[in-house]
Amino acid sequence: MRSSFQSFGIGLILAIVLVYLILMAQFASFSDPFIILLAIPPGLSGVILFLMATGTTLNVMSLMGVVMTTGIAVSNSILIVQFVGTLRAHVVP
């Protein structure tokens, strides 16, 4: 169990770093990917809150849910940042 948690932790950190690098190449900016990845801590705090509220233990299934929640939060943030960029392009000549 301990090795599974360590593997998920290493995988999550590696995934965050790789997503940042990919987003940095896609947006050609250092700040946009940083803004996008700022959605991860609130998502993780929500997961921890719901685990405590339901009395569920932290296990492999819940860690897979953390990975999925992180992906959904990043995906939603990408859409929001792209929409803001589109609005800026239309408003500011």
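Which residues line the largest pocket? In this predicted model, the lining of the largest pocket consists of Phe 27, Asp 32, Ile 35, Ile 80, Val 81, Gln 82, Val 84, Gly 85 and Arg 88. The space inside the largest pocket amounts to about 150 Å³. Two helices, H2 (31–37) and H4 (60–91), each contribute at least two residues to the lining of this pocket. Helix H4 provides the largest share, with six residues. By class, five residues of the pocket lining are nonpolar, two are polar and two are charged.

Enclosed space was examined as well. Rolling a probe the size of a water molecule over the atoms reveals where empty space remains. A search of the whole structure yields one cavity of 30 Å³ or more. The volume of the largest cavity is about 40 Å³, and its lining is made up of Ile 40, Gly 43, Leu 44, Val 47, Val 66, Thr 69, Thr 70 and Ala 73. Helices H3 (40–54) and H4 are the elements that give two or more residues to this lining. The lining of the largest cavity contains five nonpolar and three polar residues, and no charged ones. Helix H4 thus appears in both descriptions, as a contributor to the lining of the largest pocket and to that of the largest cavity.

One residue of the cavity lining, Val 47, also serves as a reference point for Gly 65. The C-alpha atoms of Gly 65 and Val 47 are 8.5 Å apart, while 18 residues separate the two along the chain. Gly 65 is located in helix H4. Gly 65 has a relative accessible area of 27% and is therefore classed as partly exposed, since that class lies between the limits of 20% and 50%.

On the surface, a nonpolar patch is formed by Ile 13, Leu 14, Val 17, Leu 18 and Leu 21. Together, these residues have about 460 Å² of accessible area. Leu 14, one of the patch residues, belongs to helix H1, which covers residues 2–27. Tyr 20 is also placed in helix H1. The relative accessible area of Tyr 20 is 22%, so this residue counts as partly exposed. Between the C-alpha atoms of Tyr 20 and Gln 6, the separation is 21 Å, with the two residues 14 apart along the chain.

Two loop residues were also considered. Ala 28 is situated in the loop between H1 and H2. Most residues other than glycine have a negative phi. Ala 28, although not a glycine, has a positive phi of about 55°. With a relative accessible area of 70%, Ala 28 is exposed, because the threshold for that class is over 50%.

Asn 59 is found in the loop between H3 and H4. The relative accessibility of Asn 59 is 25%, and the residue is accordingly counted as partly exposed. Asn 59 and Ile 36 are 23 residues apart in sequence, and their C-alpha atoms are 27 Å apart in space.

Notes
Residues are numbered from 1 along each chain as its sequence is written. This is a predicted model: local features need pLDDT of at least 70, side-chain atom pairs count only at pLDDT 80 or more; totals for chains, interfaces and linings use all residues. Side-chain values use heavy atoms; hydrogens and water are left out. Patches are made of residues with over 30% relative accessible area and no salt bridge: like charges are joined within 9 Å, nonpolar side chains (Val, Leu, Ile, Met, Phe, Trp, Tyr) within 5 Å. Accessible areas come from the Shrake-Rupley method with a 1.4 Å probe; for residues, only the protein chains shown count as cover. A salt bridge is a side-chain nitrogen of Lys or Arg within 4 Å of a carboxyl oxygen of Asp or Glu. Helices (H or I, at least four residues) and strands (E, at least two) are DSSP runs, numbered from the N terminus. On a 1 Å grid over the protein atoms alone, a cavity is a set of points where a 1.4 Å probe fits but cannot get out, and a pocket is an open set with protein on both sides within 12 Å along at least five of seven lines; lining residues have an atom within 4 Å of a point. Grid points are joined across faces, edges and corners, and a volume is the space filled by probe spheres set on the points. Ala, Val, Leu, Ile, Met, Phe, Trp, Tyr, Cys and Pro count as nonpolar, Asp, Glu, Lys and Arg as charged, and the others, Gly among them, as polar. Buried means under 20% relative accessible area, exposed over 50%, partly exposed in between (1.4 Å probe, protein chains only).
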